[in-house]
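The report below takes up charged pairs, a helix and a sheet in turn. Please read it alongside the sequence and the coordinates.

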Amino acid sequence: LNTQPPAMNAAIFGHGAVGVVEEVGPLVKRVQPGDRVIVVVTGQCGECFQCLHGNAANCQAGFNRDNPPAAAMRDGTPVTGTLGGFAELIVAWEEMTVPIFSRHDGAELSNLSCVAMTGLGMTMVRAPVEPGSSVAVFGAGTVGLAAIQGARIKGASQIIAVEPIRYRRDLATKAGATAALDPHDFADSAALHARIRELTTTPTDRPFAGGRNPMTGGPDFVIEAVGGERFVPKTGRYSREPHGIEVLQSVYALCPPGGVMRTSGVGHPMGSTVTFGAAAWANSSKNHVPGNLAGVQMKRDLPQWTRLFETGQFNGGALVGVKVPLDRWRDALEAAAYRTAITGIVTFN
């Protein structure tokens, strides 16, 4: 199975990085030569429509400028790249460069450029997890593991990870999940939902004593960090349905009235759809907050979250899988694609 779009002719991969600034342009104010920075996948210009309306995660700066080739091959073929993190030098836009005044391990902090930022954003920024609440997280990859840790940091009392790959369930438990379920242990989605509801019941079902009706119960927050499957894993079994649609249906089915659904997955097949009952969709009081980085403000949040890495409140090591030098960049990509390791990170030490 491979549903990815056709590959570009020549590209520099790596849409996020940690590095040190060597030079800056004459109008740059945010960073100075010698600064350690995170180069992020989505910037924050502070001036576009989205930034001015509090939606920095949808900053339009990167879409309103030409993106010329970064280099050329010996035969003249142009080389493109979103950011080009798998390179010794990057010419980065100021809007996508966040200074971090930290000596913490760069391999760990590099995940804040995208995946860890996404997971923390889902549980800590827009629609943040409430202390004492129950949370179900579908997917314990890098995004899911960051979401689990964000839920723990915010004080959730129950955090249930749903993940078919065994080593990722183990990582989820180490990251703060109170339970880690293999969806293949259940006959169907209904049986899985029943088990999650059982784990997240309130101490009483008396409605006027703070209880929730067990017939309409479920986690207070349901997080989706799965998306569509682009490569068949080489470790363990993966989902029964590789397109991620079953998980999206589960998120909606599990979310109780008044609950929150946070979705971030990508890679679903073009034209795929999910189906909900019309009356429930219109009047169920379920709150849906979609988007990879919904609510994250890079300038504000990344320096604060770097501090969480430094203090040990966020286990950055749990998100570091394979670390390889630049000449083994393919190993890093394959580890991530085939899920043999939680991440593949290229280093320049």
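Arg-300 is partly exposed in this predicted model, with a relative accessible area of 38%, whereas Asp-301, with which Arg-300 forms a salt bridge, is buried at a relative accessible area of 3%. The closest N and O atoms of this pair are 2.7 Å apart. As a general point, side chains of opposite charge can pair when their charged atoms come close.

A search of the whole structure finds seven salt bridges, and the table lists some of them, including the pair just described.

| Salt bridge | N to O distance |
|---|---|
| Asp-301 and Arg-300 | 2.7 Å |
| Glu-310 and Arg-307 | 3.1 Å |
| Arg-169 and Asp-182 | 3.5 Å |

Glu-310 and Arg-307 are three residues apart in helix H9, so about one helical turn separates them. Residues three or four places apart in an α-helix point the same way, because such a helix has 3.6 residues a turn. Glu-310 itself counts as partly exposed, at 33% relative accessibility.

Which parts of the chain does the salt bridge between Arg-169 and Asp-182 tie together? Arg-169 lies in helix H5 (residues 166-175) and Asp-182 in the loop between strand S8 (179-181) and helix H6 (189-199), so the pair links parts that are 13 residues apart in sequence. Both partners fall under the 20% limit for burial, because Arg-169 has a relative accessible area of 15% and Asp-182 has a relative accessibility of 8%.

**Helix H3**

Helix H3, which spans residues 115-124, is mostly covered, with nine of its ten residues buried; among them are Ala-116, Gly-119, Leu-120 and Thr-123. These buried residues pack against helix H4 (142-153), strand S9 (221-224), strand S10 (260-263) and H9.

Thr-123 offers a detailed view of this helix, in which the residue is placed. Its relative accessibility is 0%, so Thr-123 counts as buried. A polar atom of the Thr-123 side chain lies 3.2 Å from the backbone oxygen of Gly-119. When neighbours within four places in sequence are left aside, the contacts of Thr-123 include Pro-128, Val-129, Ala-146, Ala-147, Gly-150, Ala-151, Lys-154 and Ile-223.

**The three-stranded sheet**

An open sheet is formed by three strands in the order S1-S2-S5, with antiparallel pairing. Strand S1 (17-20) and strand S5 (97-99) stand at its edges, each having a single partner strand, so that one side of each is left without a neighbour in the sheet. Neighbouring strands of this sheet are turned against each other by 30° on average, direction ignored. Between S1 and strand S2 (residues 36-39), the antiparallel pairing extends over four bridges, and Val-20 stands opposite Arg-36 in S2. Helix H9 (residues 298-311) lies across S2 and S5, and runs at about 45° to S5.

Ala-92 is found in the loop between strand S4 (78-79) and S5, and is partly exposed, with a relative accessible area of 32%. Leaving aside neighbours within four places in sequence, Ala-92 is in contact with Val-39 and Thr-97. Ala-92 and Val-24 are 68 residues apart in sequence, while their C-alpha atoms are 9.6 Å apart in space.

Notes. Residues are numbered from 1 along each chain as its sequence is written. This is a predicted model: local features need pLDDT of at least 70, side-chain atom pairs count only at pLDDT 80 or more; totals for chains, interfaces and linings use all residues. Side-chain values use heavy atoms; hydrogens and water are left out. Helices (H or I, at least four residues) and strands (E, at least two) are DSSP runs, numbered from the N terminus. Buried means under 20% relative accessible area, exposed over 50%, partly exposed in between (1.4 Å probe, protein chains only). A polar contact is a pair of N or O atoms within 3.5 Å; within protein, one must be able to donate a hydrogen and the other to accept it, and residues adjacent in sequence count only if both atoms are side-chain atoms. Contact means heavy atoms within 4.5 Å. Two strands pair if DSSP finds at least two bridges between them. Axes are lines fitted to C-alpha atoms, for helices over the stretch in contact, and angles run from 0 to 180 degrees between N-to-C directions. A salt bridge is a side-chain nitrogen of Lys or Arg within 4 Å of a carboxyl oxygen of Asp or Glu.
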